[in-house]
Amino acid sequence: MEEVDVEPSPMVIADLNSFIYRHLGFEWGPGDLLVYETNYKLQGPRTAGSPLVHVVRKDEDICSPILLLVPDSNYRSVIRACMEELQHNVSILLAIELIWNLCEVLFIDAAPAGSLLLHLLDWVRLHKSDVDARAREVLQSESPAQHQSYWDVVRRTLILQGRMDEARQVLSKQASLRAESSSVFKRMDVLLQTMPIFNPTGTQTLTEFDVKWRHWHEECDRCLQDNTFASNRHLETIVKILVGDEDTILEQKELLSTWYHFLVTRLLFTHPTIKPPDLHYYAQSSMNMFLGPRAPPEPLDIILLSAFEFDLHQVIKDCSIALNNWWFVAHLTDLLDHCKLLQSHNLHFGSNLREFLVLEYASGLFTHHSLWQLAVDYFDHCPEFGRVYLELQIERIPLDTERKAIKVLRICEDRQMSEQVRSICKIMAKRALRNNRLGSALSWSIRAKDAAFATLISERFLQDYCNKGSFTDLDLLDNLGPAMLLSDRLTFLGKYREFHRLYGENRFSEAAKLLLSLMTAKIAPRGLWMTLLTDALPLLEQKEVIFSVDQTYELMSCLEELNSGTKDSNTTDQEEDIESTKTELLRLALARNLAMAIVKEGTIET
Amino acid sequence: MDPIAKYISQKISKTRWRPISPALLQRPEVFATGSWDNESNRVSIWSVGDHGVSNTDSEFDEEPQLLCDSQHDGDVMDLQFLDQDRLVSASSSGAVTIFKLQPDCQSLSLAHVWERAHWYSCDNAPCTAVVCRSPEVVSVGEDGRVILYKADQTEVVRVIENADSSTIHAVTFLRTTEVLTVNSIGQLKMWDFRQQSDSPAQILSLTGGRVPLHCVDKHPNQQHIVATGGQDGMLYIWDVRQGNTPFSLIEAHSAEMWEVHFHPSNPNHLFTCSEDGSLLHWETTSGSDMSTLLQRGWNSRVVSHSAVPLAGEDDSVVSAWLAGDSSKNRLEATHMLPNQTLSVNSLDVLEQCLVCGTDGEAVYVHRQVPV
């Protein structure tokens, strides 16, 4: 993005009628503009502020604003907090706004000499808004000229902020009152009217403006020397200000209230064509003159001074220290980075400054109970480390409900973070298992394609079956579908359940075939073979021959294979007895079946 | 006409229109929202009525105004109006709550709470959905239970234990004593409360895929037609009288579909909203005006549409959703929100008004939906 060196066209932001009585504060974000209500009220009833921060996103092509909303938890707490906290946070916000706007003027707009002062004037005006309230108050009073703050308003507002036309308007009230000194007032009026203001879009060059300004300045000086305004001390003060008498301006300390206001006013009346590189000299001296030798500068002052010195890195550094809020620093740095004003200040661990700050901010967001979805967006904008940070953070979001887990998983799946998907699904599956929700557990394992866990769940089912003699959660087992293939154990479970179903439906030959295949295809775990063979018993005992000769031979070989295995030394005598009895029964049944099968297959049907 | 957006600084999980009394022909003006993922969640009542003088020329662009709200323990998982004055909510803490709304809508208070209606022995089991047909209320939850309540009785009427081994995500009434539930292994189960046994009267599922289903809605006039949506964002239209396969599969969204609603008075219109941030308005048109259809063009892709006409359909009025001849019937979808937002979690439609809520903490109200 090239440096912006033309005035941006004004954008109308709709739907903000609630802002009528308040100042619009705005902050730049990464590609966005954050607009919020400040607590600065011009007039009007003290209504509760709306706890909203609007985001105006500039569309790259059309530059038309699209309103989204990003609530800032800090700002929300401002509105709801008690008075002390309110005061405290508001002042931080005001400071932030001040710094932002200054950075904007100095770095982003990068105004050259001539318009620089105009922008600085705007900046000061924006942050000294009570002036308008006072002015209105005076003008609307019955006899404005007699109003006690009359001259204050004239001086402070208007002159010190360079608002000459308004000053003339207010002065005219005075002029109409006193006919005898009207000529003096007229003189002042002329002076104010003729003050040259640089027009950046006009055809006048800086040099021409400078010449004009000097002429005007000499005119003012002449009035001063001629004692034209000696009759009225107020007007005398004003002309001294116009001439740029630093002492007089300094006398207005109360009305100026800050050293940077003093700086701007001073420049307005002594060096309106100030060039950016010269700014810092005046800034430093203004601060010294205003604050006096003993007052130590506040953090805010230091930050502003660094800005006037065009030392970006210092500004960022000081802001990071002074403000306990990453939001401002992250957004400022990001914006400056976009404007290519920030040389990548490579930090030791490799990522540049801008990314570091955005990452810090987003990490902070992640800890917030509901702003984590926003943080994801921020991480997406950090090319180097964003993904890593996201991977680390996303597993830590507390998942109280399945719905939230589903949303988090969608974020992971969209970014192909398969590790995180597996881990989150495993957490959910484990939780489900702990609560005895086997179906849910299986559902989560299937989503994660986690074969190991699916095996675990199947084992659980089989255990239940062995203990109770019947299956629980038949609705699940009967409808496994292709998910059955996820793990061998799961496949076995599904098929085994199918065997029981077939048996229940009296489809014996199919059941028999299935049972045999479970053993011969080695899908069944060894430990369950005995159970399976025992399940085969009723089929063997049927009047009809169900198992064919070949099938019977296979069953026999399975039985022998089972018995040829090493005996488990832990089995008690009683268990051994049961085992051998079972084996005997099976052998007998198999033998009988074999006999009948041979006969049946050997008989020719006539 | 674009919908009006209102940012309410809390993520919205559910939005519902307050029912309008059939006697008075009013426009829907009041709606309720429930929030989620906050440290303290709220159920709020809003109004989009005409405040003051309405200019017939200007658009009705009043923002919704908050009338009253109440604190809610846990995330608001579902919200339903029992009648004009009572609102039922399902909570992530497992509780089912009835709120009472004062007639002038000035306050919302707790009328009755069934704490831990859904539960695990060592954890909270979120109650995922609730449906009302006054005076009965049915709730379902992650614990796989289906619970029947009567609004004025403090004790629960009936609990179907172990109705499901997986999480039940949504429920809807089919008939007065029958409900249909959908779960996270892609099954639809019909439950008949007249039966003593705790097993479902019927189970339908998608063969070949076990897509978790998140929402279900019944056709307002024809009770055998049901629409569901799930994790894959596809819209399924089922005929519960027959078969194990849905009648239509339509690719609707690119992420989970959170809610599906038939328009209550004009069922040729269907609305769906999704995690991908879009809200679609589906319209089936039967035959006729091809020119307008060609002008508006295709907006959707119908994946499959059964060509076999229904057997035993003796009435001449065949529902456009199930009609077999696809050359005569078209399905169109239009996006209702102007730009992509975060997930649209919920929507409700009544007469010509649509309200929806998003994770971007915005509520959108559209008062001139073309139905």
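**Note on chain A and its contact with chain B**

1. Of the 606 residues in chain A, 49% are buried. The model is a predicted one, and the points below should be read with that in mind.

2. The secondary structure of chain A consists of 29 helices and 4 strands. Taking contacts in chain A between residues at least 6 apart in sequence, 60% join residues at least 24 apart.

3. On the outside, chain A exposes about 30,200 Å². Carbon and sulfur atoms supply 52% of that exposed area.

4. How many residues does each chain bring to the contact? Chain B gives 47 residues and chain A gives 37 residues. The area buried between the two chains comes to about 3,600 Å², with 46% of it from carbon and sulfur atoms. On the side of chain B, the residues that lose the most area to chain A are B:Tyr7, B:Ser165 and B:Arg210; together they account for 19% of what that side buries.

5. Polar and charged pairs also cross the interface of chain B and chain A. There are 24 residue pairs in polar contact, counting pairs with both residues at pLDDT 80 or more. The interface also holds 6 salt bridges. B:Asp359 and A:Lys407 meet through their side chains in a salt bridge, at 2.9 Å from N to O.

6. Which elements of chain B give two or more residues to the side that touches chain A? They are β16 (187-192) and β17 (202-205) of chain B. By residue class, this side of chain B divides into 21 polar, 15 charged and 11 nonpolar residues.

Definitions and conventions: Residues are numbered from 1 along each chain as its sequence is written. Chains are lettered from A and ligands numbered from 1 in the order in which they are written. This is a predicted model: local features need pLDDT of at least 70, side-chain atom pairs count only at pLDDT 80 or more; totals for chains, interfaces and linings use all residues. Side-chain values use heavy atoms; hydrogens and water are left out. Buried means under 20% relative accessible area, exposed over 50%, partly exposed in between (1.4 Å probe, protein chains only). Contact means heavy atoms within 4.5 Å. Accessible areas come from the Shrake-Rupley method with a 1.4 Å probe; for residues, only the protein chains shown count as cover. Buried area is the accessible area (1.4 Å probe) that two parts lose on being put together, summed over both. A salt bridge is a side-chain nitrogen of Lys or Arg within 4 Å of a carboxyl oxygen of Asp or Glu. A polar contact is a pair of N or O atoms within 3.5 Å; within protein, one must be able to donate a hydrogen and the other to accept it, and residues adjacent in sequence count only if both atoms are side-chain atoms. Ala, Val, Leu, Ile, Met, Phe, Trp, Tyr, Cys and Pro count as nonpolar, Asp, Glu, Lys and Arg as charged, and the others, Gly among them, as polar.
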